[in-house]
Amino acid sequence: MMVLTPEQIIAANKANLETLNSLTKNAFVGVEKLLELNLQVVKTVIHEHLEHIQATANVKDAQTLLSMQAQFLQPFAEKMTSYSRHLQNISNETQSAMRSTAQEEMRARSTNLKNLVSEISTTPPTSGEQMVGSIKQAIANANQVYEYSQQAIQQVIEISSQQRQTLKDTAFKVSEEFSKLTTKK
C-alpha cells in the first residue's frame, strides 16, 4: 500500500514554497529593474529640462527660441524607442527567469511522479483509492506551481505595460505643453 508519509508531504510543501519564493524573487527583480529604469529616465528628463531652461533663459528673439525648442524636442522619439527597448528587455529577462524556474520545477515534479509510479508498480497498493489519491496530489502540486508561475509572469507583463503607457502619456503631455509654449511666442 502506497501512503504518503508526513515527511514526504512536508518535503512537497517545502518544495512548493521554495518554487513560489523563487518565482516571487524573479518578479521582484523585474520590478526592481523597471523602477531603476524609470528613476533614471526621470533624472535624465529633469536634467535635460533644466539645461534647456537655462539655455533659453537669455534668448531675446522668438525665432531662436523656436529653433531651440525644436532641437530640444527632436530626439524625443528616439528616446521613447530606446525606453521601449529597455522595457522589452526587462520584460523578456523576467519572463525568461520565471519560465526557467517553472520549467525546473516541472522537471522535478515529473521526476517525482515517475518515481512515484515506479514505487507504486514495485509495491502494489492494497487500495486503489490511495494510489489514485497520491497521483492526483502529485499532479495537483505540479499544476499549482505552473499556475503560480503564470500568474507571476502575467503580473510582470501588466506592470511593464502600465509603466510604458504612463511614460507615453507623460511624454505626449510634455510634448503638447512644449508645443503650446512655442506657438504662444
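Is E93 buried, partly exposed or exposed? In this predicted model, E93 is partly exposed, with a relative accessible area of 42%. That residue is a convenient way into the fold, and the paragraphs below begin with the overall architecture before returning to it.

The chain contains 4 helices and 0 strands, and its elements follow the order α-α-α-α from the N terminus on. Of the 185 residues in the chain, 23% are buried. The accessible surface of the chain amounts to about 12500 Å², and carbon and sulfur atoms account for 57% of that area. When contacts between residues at least 6 apart in sequence are considered, 86% of them join residues at least 24 apart.

Helix α1 covers residues 6-56 and offers a good place to start. Its 51 residues should span 75 Å at 1.5 Å a residue, and the end C-alpha atoms lie 74 Å apart, which agrees with that expectation. Several positions of α1 are buried, among them N16, T19, L23, N26, A27 and G30. Further along the helix, L34, L37, N38 and V41 are buried too, as are H52 and T56. In an α-helix there are 3.6 residues a turn, so residues three or four places apart point the same way.

Some of these buried positions reappear in the largest nonpolar core, which has 6 residues: L34, L37, V41, Y83, L87 and I90. Helices α1 and α3 (76-122) each supply at least two residues of this core.

Not every nonpolar side chain is covered, however. V42, I46, L50 and I53 make a nonpolar surface patch of about 350 Å². One of these residues, I46, is found in helix α1 and counts as partly exposed because its relative accessibility is 46%.

Charged pairs add another kind of link, and the structure holds 2 salt bridges. One of them joins E93 to K33, with the closest N and O atoms 2.6 Å apart. E93 lies in helix α3 and K33 in helix α1, so this pair ties together parts that are 60 residues apart in sequence. Like E93, with its relative accessible area of 42%, K33 is partly exposed, at 33% relative accessibility.

The other salt bridge is formed by E48 and K79, whose closest N and O atoms are 2.4 Å apart. This pair also links distant parts of the chain, with E48 in helix α1 and K79 in helix α3, 31 residues apart. E48 is partly exposed at 25% relative accessibility, and K79 is partly exposed with a relative accessible area of 37%.

What does E48 touch, not counting residues up to four places away in sequence? Besides K79, E48 touches F72. E48 and F72 are 24 residues apart in sequence, and their C-alpha atoms are 8.7 Å apart in space.

Helix α2, spanning residues 62-73, includes L65. This leucine has a relative accessibility of 14% and therefore counts as buried, since the cut-off for a buried residue is under 20%. The C-alpha atoms of L65 and A55 are separated by 9.5 Å, and the two residues are 10 apart along the chain.

Taken together, α1 and α3 are connected in two ways: both helices supply residues to the largest nonpolar core, and the pair E93 and K33 ties them through a salt bridge.

Key
Residues are numbered from 1 along each chain as its sequence is written. This is a predicted model: local features need pLDDT of at least 70, side-chain atom pairs count only at pLDDT 80 or more; totals for chains, interfaces and linings use all residues. Side-chain values use heavy atoms; hydrogens and water are left out. Patches are made of residues with over 30% relative accessible area and no salt bridge: like charges are joined within 9 Å, nonpolar side chains (Val, Leu, Ile, Met, Phe, Trp, Tyr) within 5 Å. Accessible areas come from the Shrake-Rupley method with a 1.4 Å probe; for residues, only the protein chains shown count as cover. A salt bridge is a side-chain nitrogen of Lys or Arg within 4 Å of a carboxyl oxygen of Asp or Glu. Buried means under 20% relative accessible area, exposed over 50%, partly exposed in between (1.4 Å probe, protein chains only). A nonpolar core is a set of buried Ala, Val, Leu, Ile, Met, Phe, Trp, Tyr and Cys residues joined through side-chain atoms within 4.5 Å. Contact means heavy atoms within 4.5 Å. The expected span of a helix is 1.5 Å times one less than its number of residues.
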